[in-house]
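Student: Could you walk me through this structure, one piece at a time?
Tutor: Gladly; here it is.

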Amino acid sequence: MSCPLLDQPLRIAIIGAGSRGCHFADLISGLSHLARVVAIAEPDAAKAGHLAARLGVPTAACFSGWQALLDAGLRLDAAVVATMDREHTSPAVACLGAGLHVLLEKPMAPTIGECEGIVAAQEASGRMLAVCHSMRYNKIYAMVRRLLGEGIIGRVASIDLLEQVGYWHQAHSFVRGNWGATDRAVPMILAKSCHDLDYLAFLAGSPAIRLASFGSLGYFTAANAPSGAPARCSDGCPHEPICAYSALRQYVHTELRAAWPASVCSPTDHSLEAHLAAVRSGPYGRCVWRCDNDAVDHQVVALEFPSGITATFTMTGLTWEGGRRLRVHGGEGVLELNGREIAVRSFATGDLRRIEVAEEPGGHGGGDRRLLIGWLEAARSGDASTILTGARESLRTHAMAFAAEISRVERRMVELTEIAPEVASGVPRS
Ligand SMILES: NC(=O)c1ccc[n+]([C@@H]2O[C@H](COP(=O)([O-])OP(=O)(O)OC[C@H]3O[C@@H](n4cnc5c(N)ncnc54)[C@H](O)[C@@H]3O)[C@@H](O)[C@H]2O)c1
């Protein structure tokens, strides 16, 4: 069937030329048969200029913000909304209102009400919106779901998922960085673990009906600062040479200054001098025990799903390795995912089957690239089936994160009907 849109690459605007916006812009430039970045909205002129130069976007198509971009009335088909967590709703709703398809970074929004506003705007517009829950698109995580659906371990009874944030990643993003203070970002369970809760719902076939959560900030606090540690690593800290969290080592004296995460401290200049200056004066040079952080560094959630499946989820920042570990218990066997390997043990035969899945390029084990392609294909064809994380589906799984935070803070079990009645409507309560 012919579709006029299929003749031309989609004209895309990047809203927020930060870490994620640039990542998606670079992925799009490798998919030039599907789409082209033709405009950039970014208040930081240096960031915008860098991206524009790399992609050949003219200065006239660079704007100081999403509002100015939309006011300019350029011919656009779609936008990637990659602003910070608390600045998703207005650009997403405005882009949908302007008739653009939207790729929206997670979390959708900081409140369930704002998430509902995005869903309403998407449904009214009829445009394609995908939320960046890349796990569903990542080949190995998708394979786990397919194997479970084929009954490889029989009927699933329970799931345990561990998210190992990694000690350095915790310090970089959730202590010193953008997500350390929840009033600037959102709570950890939404900022980092909305992916995990979304994936649990994907495996269980629906969002949970009730849950309970516990967690706190236990380690990255002033009480744990080594004696004599100054405010910054560069202030002659006596512990710096042997400290796991030395900013000088992580951001300055590394060959990887131009790569994430070191690149984040000085986004457009990766010289040693620029990184040293950033560590001396910017947020990434602060002692990890003397920041303004309140994000939890460990949290657990216990969940019950309508099918009777139970699950546990643990997020901890205090790990050596990064990545996730998963164990799924079924009537006929156990499935484990660790790194790039899925292992399945059959109770009947005792056989252990190992499946290795190679890492794909394109961010988050290839999940980002697959997600992007799914969204672009949906926008071009009008068929939403390649979007696994649409607005309403993402609202339903974000509700689990909002419920978990209420449970943690108020120390009580939370029914999902309390957060978003539609999430659990029609679901058996026992
Ligand atoms: N899907 C994932 O796995 C994943 C991973 C990391 C981050 N994220 C999310 O992606 C989003 C962006 O994160 P980031 O690390 O790129 O942050 P960032 O701070 O590097 O980028 C955000 C950019 O938005 C720009 N901005 C601010 N106001 C703007 C406006 N009015 N118009 C246009 N641009 C504006 C900022 O100047 C900044 O450059 C966050 O919501 C984050 O939680 C998702």
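Tutor: The axes of helix α9 (residues 194-204) and helix α13 (residues 391-410) come within 9 Å and cross at roughly 120°. Axes are lines fitted to C-alpha atoms, for helices over the stretch in contact, and angles run from 0 to 180 degrees between N-to-C directions. Helices (H or I, at least four residues) and strands (E, at least two) are DSSP runs, numbered from the N terminus.

Student: Why is α9 called oblique to α13?
Tutor: Because of that crossing angle, α9 counts as oblique to α13: under 35 degrees is roughly parallel, over 145 roughly antiparallel, 65 to 115 roughly perpendicular, and the rest oblique.

Student: Which residues make the contact?
Tutor: Cys194, Leu197, Asp198 and Ala201 of α9 meet Thr397, His398, Met400 and Ala401 of α13, where contact requires C-beta atoms, placed from the backbone, within 7 Å.

Student: Is this model predicted or not, and how are residues numbered?
Tutor: This is a predicted model, in which local features need pLDDT of at least 70 and side-chain atom pairs count only at pLDDT 80 or more, while totals for chains, interfaces and linings use all residues. Residues are numbered from 1 along each chain as its sequence is written.

Student: New topic: how far apart are the C-alpha centres of domain 1 and domain 2?
Tutor: Those centres lie 27 Å apart, with domain bounds coming from an automatic or database domain assignment.

Student: And how many residues of each are in contact?
Tutor: 20 residues of domain 1 are in contact with 24 residues of domain 2. On the domain 1 side, α5 gives the most, with six residues.

How values were computed. Two residues are in contact if their C-beta atoms, placed from the backbone, lie within 7 Å.
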